[in-house]
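Visitor: I would love a short tour of this structure. Could you take my questions one at a time?

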Amino acid sequence: MQLTLWTYEGPPHIGAMRVATAMRGLHYVLHAPQGDTYADLLFTMIERRDARPPVTYTTFQARDLGADTAAIFQNAVSEAYARFRPEAMIVGASCTAELIQDDPGGLARALDLPIPVIPLELPAYQKKENWGASETFYRLVRALAGPRAEPAPREGRRPRCNILGPTALGFRHRDDLVEIEKLMAALGVDVNVVAPWGASPADLGRLGAADFNVVLYPEIARAAAQHLQKTFGQPMVETVPIGVGATTRFVEEVAALAGVDPAPVLAGAPSRLPWYSRSVDSTYLTGKRVFIFGDATHALAIARVAATELGFKVVGLGTYTREFAREVRAEAALHGIEATITDDYLDVEAAIQAAQAELVLGTQMERHVAKRLGLPCAVISAPMHVQDFPARHSPQMGFEGANVLFDTLVHPLMMGLEEHLLGMFREDAEFHDGAAPSHLTRHGTAPSVPAAAEPAAPAIEIPLTAPPPDDAPAAWEASAEKELKKIPFFVRGKARANTERFARERALSRITVETLYDAKAHFGR
Amino acid sequence: MNAHVSLPATDAACGVTIRQERGQRAVFCGLTGIVWLHRKIQDAFFLVVGSRTCAHLIQSAAGVMIFAEPRFATAIIDERDLAGLADMNEELDRVTRRLIERRPDIRLLFLVGSCPSEVIKLDLPRAAQRLSRSLSPDVRVLSYSGSGIETTFTQGEDACLAALVPELPRAAAEAAPSLLVVGALADVVEDQFSRLFAQMGLEHVAFLPARRAGAMPAIGPNTRILLAQPFLADTARALEARGATRIPAPFPLGAEGTTAWLRAVADAFGVDPRLFAEVTAPGLRRAEQALAPYRALLGGRRVFFFPDSQLELPLARFLSREMGADLIEVGTPYLHRGHMAPELALLPAGTQVVEGQSLDAQMDRCRAARPDLTVCGLGLANPLEAEGLATKWSIELLFTPIQGYDQAGDLAELFARPLVRRTRLEV
């Protein structure tokens, strides 16, 4: 039993719904009590879909338990078939129905419907949403992609690929797909099938006609792509094209498998990120301490972008996707840190604090943690929030995705030039801490300049002979406090903390101007 | 709780047609009530004993509220518990202790049963007793079921309040007659009603639930109970079993509903009719003033209710009688004939009331009727909007203070807003 105040992932049948909702001509009959119908709102409210998900819930009640829940299930399957006439169906149980062991697969088979009916076994008490999506997609592909076949001859036609992974309720899946299709078109590669997004069961039957597969979200599509590799000998591209470097590698890998020349696509400056990152305004990004947490796909990709394309220092990296813990640990090791693998947001909060991050890139939950801690934050991963479905095109993948990432990751921080000028004019009458914006005071009262810049002298004099108790911060002398004020505010907090630490380590009871600069020299190495 | 007895198709007394429907339902389970109950009882914590689905449901229904360290959580049952590798009662004790350490401000802890905990027959009442003993006197532990196999949406509040009833102090047999208003109301609404009852000369008025666990009201044979919400069947039964008498009344929605609700109390306590008129006149005048501009917007509009909160009947009565709307179909997940008798009597003759649900059939009827306004759950709203139907999400009617004179205008506005919005948009 696990105490959970909030969860990053839903149960596995939500993953199955994400696959079913992304597809056309597929219907999902879920053996579940009425409360489970809340899942509709994930798709209709959060994602703003204009139709109910293609799901029929049996909504059995307590009084049905003694009677015949199996009959209720069979009824629901028959009625769903008659009403929706799907090309194929998936059937399964949610957590409660799993306990009553009605065997949805067997019951549906007994109805002998004239369409493929694919049973799903999604253990609700061990697995979670992304695993559920992966398993569902794999089962669908296995059942519908057809038997083993030889790759089609390549002569006289353009290369063909499948794009696997985008689902409903996915983080920017809608927009990522547009970018990837654009890249494929530019490379001269035809897209055979995109799945699950927009695919029908019949489309899954055509998967074998592609030369290779592109796996956009390994959490969801790796298992299916491995099956296709075995069955049709289709190689897969698993590089997640998030960031300029990864997109470049992705293009090269696709080009190699397709036998085309990647040079025209990579020529020139396909993304603005490199120049924006090299332009002088970005120098203030250097070494910014960033904490990254999300699903494995995004956490891994964003860590690389943050370190190598924006010049941040990755001081924390983690994921709630336990299935990819190994990959995330390996990436963390490259940054010289230990990965945070957890699905308890309180652990993540503690890790953010311990890492002394200056920027948090996480999920909606980390956004709120960061708000509490007074840190800037950008959201880079599911779980989904209505804000994660922007009206504008906002991909993470491809070269345009890299542009979006530059803005997303940098905008929460103050712009470099702006920050520099504010620091420079710190004590200016117009820019000091107490001044209202100048455009608001033009016709009103004059901005109030503090009468005395001198900080008040400490009320209690601490005798120099008595060392402060353990961990109590050393007292700042007024002159040192005044000197500290001259340091630009955006590094002032760090200077204060470092100086106090320096004083503590040396058991200094008072901080003088000398201490301040000694500390600066000590930590500035 | 959802068990239906078979009823005659038409209620001859009031000319309302009542039909029952069975099939797929699109409603929340009783766990959802936690979202407003934890705000109401300010030192109570709700620990759902359930699955990841339960946790996901509550966080999806609660929206951003979840980020503020709310007073609810889920003890997620995992495969070790089910396989018997872990003793579930020990696990529950461990989780509860950890929770109480984290939140020493908790005085009342509800263990809330879920579909999985009911199916595996985890004995939460016994666990609550055990934990209550070990955590006494700082924390009292109670239990109720919010499971979707037994409760629909607002029935979770009913189950929660019913669990409080045996804990209420006993009022002395010779105690002065008192009024107990039952059902969670917004504090502001509660305070308005308190003032009205005081002006009517009622000295002993209490509310269930109280705002703090230690301040729950006493109950006895001289207690008269007045339901403020239409979904409290079990709570009323438990209170009656403790000797209290229920004052039948319509529900305090709209000016007419509020007056009738207050009048039922005035009659029961022998308040002078002139005093009653004097006390209610200012509120009534303000309500009329606030409602007037919405009549033009809502009058003659055809309204369709999907079943959701059990508030549907009183809301339909308000829209029909005070706003002049036409009722196409009034769905309700469950119909308590006794508690709803005063409401049924006020509905226009020929109103189609449907108890229970068969989702696809109901959506077909709704599409065919092309209502001007459809009141439905969150999951259905955007799909219906995309089909060109204006909708009002019913969950907002539970989170917004809508009872009483000074909220009558707000209630009308909630229904008018989707219609007004459509007239503004040119895209």
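Visitor: In which sense do strand S1 of chain A and S4(B) pair?
Guide: Happy to start there, and please keep in mind that this is a predicted model. Strand S1 covers residues 2-4 of chain A, and 3 bridges join this strand to S4(B). One bridge links Thr4(A) with its partner Thr74(B) in S4(B). The sense of the pairing is antiparallel.

Visitor: Which element gives the most to the side of chain B that touches chain A?
Guide: The contact draws 51 residues from chain B and 45 residues from chain A. Elements of chain B that each supply at least two residues include strand S4 (72-76), helix H4 (88-102) and helix H2 (52-62). By class, this side of chain B has 29 nonpolar, 12 polar and 10 charged residues. With 8 residues, the element that gives the most is H2(B).

Visitor: How do H10(B) and H11(B) run, roughly parallel or roughly antiparallel?
Guide: Helix H10 (residues 254-268) and helix H11 (residues 273-298) of chain B pack with their axes 10 Å apart, at an angle of about 165°. Angles over 145 degrees count as roughly antiparallel, so H10(B) and H11(B) are roughly antiparallel.

Visitor: Is Glu167(B) buried or exposed?
Guide: Glu167(B) sits in the loop between helix H7 (155-164) and strand S7 (178-182) of chain B. Beyond its neighbours within four places in sequence, Glu167(B) is in contact with Leu142(B) and Met216(B). A residue with 12 or fewer other C-beta atoms within 10 Å counts as exposed. Glu167(B) has 11, so this residue is exposed.

Notes. Residues numbered from 1 in each chain as written. Chains lettered and ligands numbered in written order. Predicted model: local features only at pLDDT ≥ 70, side-chain atom pairs only at ≥ 80, totals over all residues. Axes fitted to C-alpha atoms, helices over the stretch in contact; angles between N-to-C directions. Helix = DSSP H or I, 4+ residues; strand = E, 2+ residues; numbered from the N terminus. Parallel < 35°, antiparallel > 145°, perpendicular 65-115°, else oblique. Buried ≥ 20, exposed ≤ 12 C-beta atoms within 10 Å, placed from the backbone. Contact = placed C-beta atoms within 7 Å. Nonpolar A, V, L, I, M, F, W, Y, C, P; charged D, E, K, R; others polar. Pairing = 2+ DSSP bridges.
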